[in-house]
Number of protein chains: 2
Amino acid sequence: MATIYDVAQESGFSSATVSKVFNHYAGVNSLTKEKVLIAAKKIGYIPNISAQTLVTNKSWLIGVIFKEDLHQGLVHPHFGGILESFKASMEKSGYDIIFLNKNFSDLELRYLEHCRYRNVDGVLLASSPLPEKEAAAIEKAGFKCVSVENDYRNIPTVISDNYGGTKQILNYLYTLGHKKIAMVIPPLKSLAGRERFEGYKIFLKNHNLVFDENLVVECDEYTDESAKIAIERLLNKCLDNFPTAIFAGYDKIAFIIERTLLARGYFIPNDISVVGFDDLEMARSVTPTLTTVYQKRKEIGEEAARIMLKRLEGNDSFDTNTITRIPTGLRIRNSTCRARNN
Amino acid sequence: MATIYDVAQESGFSSATVSKVFNHYAGVNSLTKEKVLIAAKKIGYIPNISAQTLVTNKSWLIGVIFKEDLHQGLVHPHFGGILESFKASMEKSGYDIIFLNKNFSDLELRYLEHCRYRNVDGVLLASSPLPEKEAAAIEKAGFKCVSVENDYRNIPTVISDNYGGTKQILNYLYTLGHKKIAMVIPPLKSLAGRERFEGYKIFLKNHNLVFDENLVVECDEYTDESAKIAIERLLNKCLDNFPTAIFAGYDKIAFIIERTLLARGYFIPNDISVVGFDDLEMARSVTPTLTTVYQKRKEIGEEAARIMLKRLEGNDSFDTNTITRIPTGLRIRNSTCRARNN
DNA sequence: TTGAAAGCGCTAACAC
DNA sequence: GTGTTAGCGCTTTCAA
């Protein structure tokens with residue numbers, strides 16, 4: 001492998017000058033620059049990032065903490081989509097993505113250790129909630145953090161506008177005449193869960209509808225099993241006071257609701273409307289296709305990258321406690337229709 | 001950040017000794033070792049990988065080339081699933097995953113340059129076919145390659161047993177009485193496409209069925225649009241000689257076939273059976289649920305990791321031209337039934 | 001069994 | 001505008 005000294009020799013200048021050329025220093029004669037570049041190209045010189053990192057303390061590496069309850073890994077339709085977009089944005093600015101893992105050592109702050117070991121410049125938190133303490137330790141150690149989907153103290157967060165999205169879909173149901181709307185709440189330990197539930201309550205208030213305990217039920221975990229249990233509980237609770245529509249806190253719940261109701265002989269949407277939140281690919285292929293809220297995963301990833309880059313440039317004047325909410329969209333499909341007049 | 005010198009000072013030994021301890025050298029007094037370890041823990045020492053890489057020329061980094069026609073990125077159900085498993089396996093051996101990208105420079109062998117820049121130890125080729133020349137250049141430059149889904153000269157490949165899988169599903173149809181089976185072939189530029197088509201022809205031969213040009217059609221690209229066109233062509237070609245079953249070269253095609261046929265008034269599976277290949281999550285949620293071939297993505301990723309690790313250990317005595325085929329499974333669902341006696 | 005010292009490839013003062 | 005040189009944190013002879 002050609003080194004900077006080879007380029008120096010080939011071009012007739014010193015290694016310092018070659019370095020300056022490659023780092024776009026101002027004070028280099030343009031002819032010199034040209035000669036150096038030609039020499040470098042000739043011998044196929046590629047700078048060695050390890051050497052660079054050793055002296056500059058900058059690795060051009062962004063660590064990603066990507067673990068989630070569902071254990072779907074990269075294929076996770078939401079986190080995976082966001083990461084894909086974040087990655088693409090960061091690459092444009094010369095950063096590479098590396099996965100941080102917790103099996104790195106047997107100590108407590110394993111992610112932190114991995115950050116140090118790899119000397120990452122920043123960290124994207126794209127996972128189920130981390131202990132607040134662990135996130136804080138990473139940020140405090142000087143690694144610029146950006147979080148997606150979760151909020152941590154002093155770490156900027158990017159997330160879908162769950163309030164707006166909930167409002168969109170519930171208002172849509174309202175215009176269809178639905179006033180008795182049940183909700184299966186996502187785990188309240190997640191920010192999304194809390195915000196969507198909050199949005200639901202705001203909706204009720206805005207339309208002078210009363211909150212009915214028997215129409216809501218929380219899903220404990222982000223798993224199908226947990227969703228099934230929650231749905232069963234809901235259906236049992238409201239048997240004698242059946243809703244005209246159900247708001248599933250996220251699409252997967254909606255799919256299960258559809259199947260459950262169909263199996264019990266209900267017709268969707270005629271007997272009852274069902275809506276979700278996510279707009280997974282599958283929302284277009286289930287029967288009936290699902291009316292849901294579209295999350296702009298691409299935008300979320302891009303915004304997270306934008307904030308990360310700003311932070312990496314030292315432009316950290318803004319409030320790190322900021323939550324940036326990305327607008328959602330409504331996807332109207334076949335799981336909803338006018339409410340029957342009971 | 002604590003350095004090896006800090007540990008040396010804290011423990012009372014030299015940096016050389018500390019290094020030996022951390023690299024598990026034989027000739028270190030066990031008491032010395034213990035003292036060094038205690039000192040290291042006390043001051044929170046983490047070795048600096050950049051410095052290590054600079055001298056050892058080993059980065060503990062595996063580059064992944066992960067680009068595919070569908071532009072689904074990480075969320076790609078097949079490649080994403082394989083990568084997830086590969087990553088998990090490699091992490092257990094201390095390797096981290098980094099994405100190689102082609103926007104790295106404007107030169108021709110951009111992936112190669114990125115490999116050099118990051119000093120990766122190995123490369124996983126998990127993408128749509130790369131130019132043979134480019135793959136060869138990477139391998140030749142000393143980066144240990146393993147390919148998934150595609151075959152390159154002198155690079156070990158891991159892929160589903162497409163022959164076996166095709167045989168499984170076609171034999172199943174045969175046992176249901178199907179003898180006139182159409183096929184929508186995946187792009188023949190892909191290894192999977194070639195093997196599945198080959199498997200189809202072998203099946204026909206084994207059962208003394210004649211190959212009928214009008215019952216097969218190739219899909220040009222791995223896109224929904226291309227699939228739709230192919231399906232249209234097939235349906236037009238065999239109108240007067242309708243098959244009793246259709247073998248879709250991969251699940252997504254099968255989903256589109258189902259929708260197309262249903263829209264045209266056919267009943268599946270009563271009028272015609274439909275089968276796929278992949279077993280995507282959606283296969284369980286479309287109507288009717290899809291009978292298909294299950295690809296063991298986890299095993300593929302693990303096997304790729306196993307081969308990679310072997311190569312990294314210098315144990316490269318085996319034939320690098322090897323193709324390892326991972327057995328598939330049959331998933332029988334509701335899109336198939338006995339063939340009607342015409 | 002341990003340590004001194006050179007060197008991996010690069011950057012950044014500082015001197016010229 | 002360009003070059004000299006020290007040093008980033010580590011490994012690895014080689015000597016003791």
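Buried area is the accessible area (1.4 Å probe) that two parts lose on being put together, summed over both. Keep in mind that this is a predicted model: local features need pLDDT of at least 70, side-chain atom pairs count only at pLDDT 80 or more, and totals for chains, interfaces and linings use all residues. Residues are numbered from 1 along each chain as its sequence is written, chains are lettered from A and ligands numbered from 1 in the order in which they are written, and side-chain values use heavy atoms, with hydrogens and water left out.

**View 1. Chain B meets chain A.** About 4,000 Å² is buried between the two chains, and carbon and sulfur atoms give 58% of that. On the chain B side, B:Leu74, B:Tyr117 and B:Arg118 lose the most area to chain A, together 16% of what that side buries.

**View 2. A salt bridge across the interface.** Here the side chains of B:Asp96 and A:Arg118 pair up at 2.7 Å, N to O. The rule (a side-chain nitrogen of Lys or Arg within 4 Å of a carboxyl oxygen of Asp or Glu) finds 4 salt bridges between chain B and chain A.

**View 3. Protein around DNA strand D.** There are 28 residues around this strand (a heavy atom within 4 Å of it), and A:Lys20, A:Thr32, B:Ile4, B:Tyr5 and B:Ser19 come nearest. Of the strand's atoms within 4 Å of the protein, 63% belong to sugar or phosphate and the rest to bases.

**View 4. Side chains reaching DNA strand D.** A polar side-chain atom of A:Lys20 sits 2.7 Å from a base oxygen. For B:Tyr5, a side-chain N or O atom is 2.7 Å from a base nitrogen. B:Ser19 goes for the backbone instead, with a polar side-chain atom 2.6 Å from a phosphate oxygen.

Conventions:
Polar contact = N/O pair within 3.5 Å; in protein donor to acceptor, adjacent residues only side chain to side chain.
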